[in-house]
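User: Please take a close look at a single part of this model, working outward from one loop to whatever lies around it. I would like one connected account, with the cut-offs stated wherever a term depends on them.

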Amino acid sequence: METIDSTRLHLTEEFAEDNLGVKQNEDGSLTVTMVAARYGFFPPEIEVPTDTPVKFRMASADVLHGVHAPYTNAATMIVPGYVSEFTTSFPTAGKYSFLCNEYCGLGHDSMWSRLTVVDKSAGGAK
Ligand code: CUA
């Protein structure tokens with residue numbers, strides 16, 4: 001597994017605040033970089049197209065978190081000190097939520113963020 005210093009995430013290039021979010025790769029796939037921290041996922045809103053491989057790279061800034069997006073197969077644990085990575089794609093457009101599924105403190109139940117999947121064919125040339 002890939003390790004990272006969770007207490008210094010903001011000082012890394014990849015997980016610095018300005019570099020979080022959705023990036024397009026040369027092959028047309030996407031990479032989404034996110035930080036999990038009490039009590040939210042950052043950035044709090046991301047948007048990706050349907051039927052496109054999306055590689056998520058997630059790191060915790062503090063304690064153990066988990067993430068899952070109901071009605072999709074996006075899920076992973078986010079262990080402090082490691083980069084969690086998984087790749088998936090979303091066949092169905094809609095609004096989804098990333099929910100924390102590891103108890104991480106008093107705000108655990110309100111730890112979530114928004115994932116919007118937009119229809120790739122409807123989007124046209126952007
Ligand atoms: Cu983060 Cu529960």
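Analyst: Aspartate 51 lies in the loop between strand 4 and strand 5, where strands (E, at least two residues) and helices (H or I, at least four) are DSSP runs numbered from the N terminus. Although aspartate 51 is not a glycine, its phi is positive, at about 50 degrees. The model is a predicted one, in which local features need pLDDT of at least 70 and side-chain atom pairs count only at pLDDT 80 or more, while totals for chains, interfaces and linings use all residues. Residues are numbered from 1 along each chain as its sequence is written, and side-chain values use heavy atoms, with hydrogens and water left out.

Strand 5, on one side of that loop, covers residues 54–60 and runs parallel to strand 2, to which 7 bridges join it; two strands are taken to pair if DSSP finds at least two bridges between them. Within this pairing, valine 35 stands opposite alanine 59 of strand 5. Strand 2 itself spans residues 30–37, and 8 of its 8 residues are buried, buried meaning under 20% relative accessible area, exposed over 50% and partly exposed in between, for a 1.4 Å probe and protein chains only. The cover extends to both faces of strand 2, with Leu30, Val32, Met34 and Ala36 buried on one side and Thr31, Thr33, Val35 and Ala37 buried on the other.

Strand 2 has further partners. Strand 1 (residues 21–24) runs antiparallel to strand 2 and is joined to it by 4 bridges, with glutamine 24 standing opposite leucine 30. These two strands form a hairpin with 5 residues between them, in which glycine 28 takes a positive phi near 95 degrees. Strand 3 (residues 40–42) is also antiparallel to strand 2, through 3 bridges, and in it glycine 40 is the bridge partner of alanine 37. The hairpin of strand 2 and strand 3 has 2 residues between the strands. Tyrosine 39 has its place in that loop, and the peptide bond joining arginine 38 and tyrosine 39 is cis, with omega about -5 degrees. Another cis peptide bond runs from phenylalanine 42 to proline 43, with omega near 0 degrees, and proline 43 belongs to the loop between strand 3 and strand 4.

The next topic is the nonpolar packing. A nonpolar core is a set of buried Ala, Val, Leu, Ile, Met, Phe, Trp, Tyr and Cys residues joined through side-chain atoms within 4.5 Å. The largest has 23 residues, and Phe41, Phe56 and Phe98 are those with the most contacts inside it. At least two residues of this core come from each of strand 2, strand 4 (45–49), strand 5, strand 9 (94–99) and strand 10 (112–118). Of the contributors, strand 2 gives the most, with 4 residues. Another core lies apart from it, made of 8 residues that include Leu9, Leu20, Val35 and Ala59.

Strand 5 also carries a charged residue, arginine 57, which is buried because its relative accessible area is 8%. Leaving aside neighbours within four places in sequence, arginine 57 is in contact (heavy atoms within 4.5 Å) with Glu2, Glu14, Phe15, Thr31, Val32, Thr33, Met34, Val83, Ser84 and Glu85.

Side chains of opposite charge can pair when their charged atoms come close. A salt bridge is counted here when a side-chain nitrogen of Lys or Arg is within 4 Å of a carboxyl oxygen of Asp or Glu, and by this rule there are 3. In one of them, the side chains of glutamate 2 and arginine 57 meet at 2.8 Å, N to O. That pair links distant parts of the chain, 55 residues apart, with glutamate 2 in the segment before strand 1 and arginine 57 in strand 5. Glutamate 14 also meets arginine 57, at 2.6 Å, N to O. Here the partners are 43 residues apart, glutamate 14 likewise being in the segment before strand 1. Arginine 57 and glutamate 85 form a further salt bridge at 2.6 Å, N to O. This one spans 28 residues, from strand 5 to strand 8 (residues 84–88).

The acidic partners are partly exposed: glutamate 2 because its relative accessibility is 37%, glutamate 14 because its value is 28%, and glutamate 85 because its value is 42%. Taken together, Glu2, Glu14, Arg57 and Glu85 are linked in a network of salt bridges.
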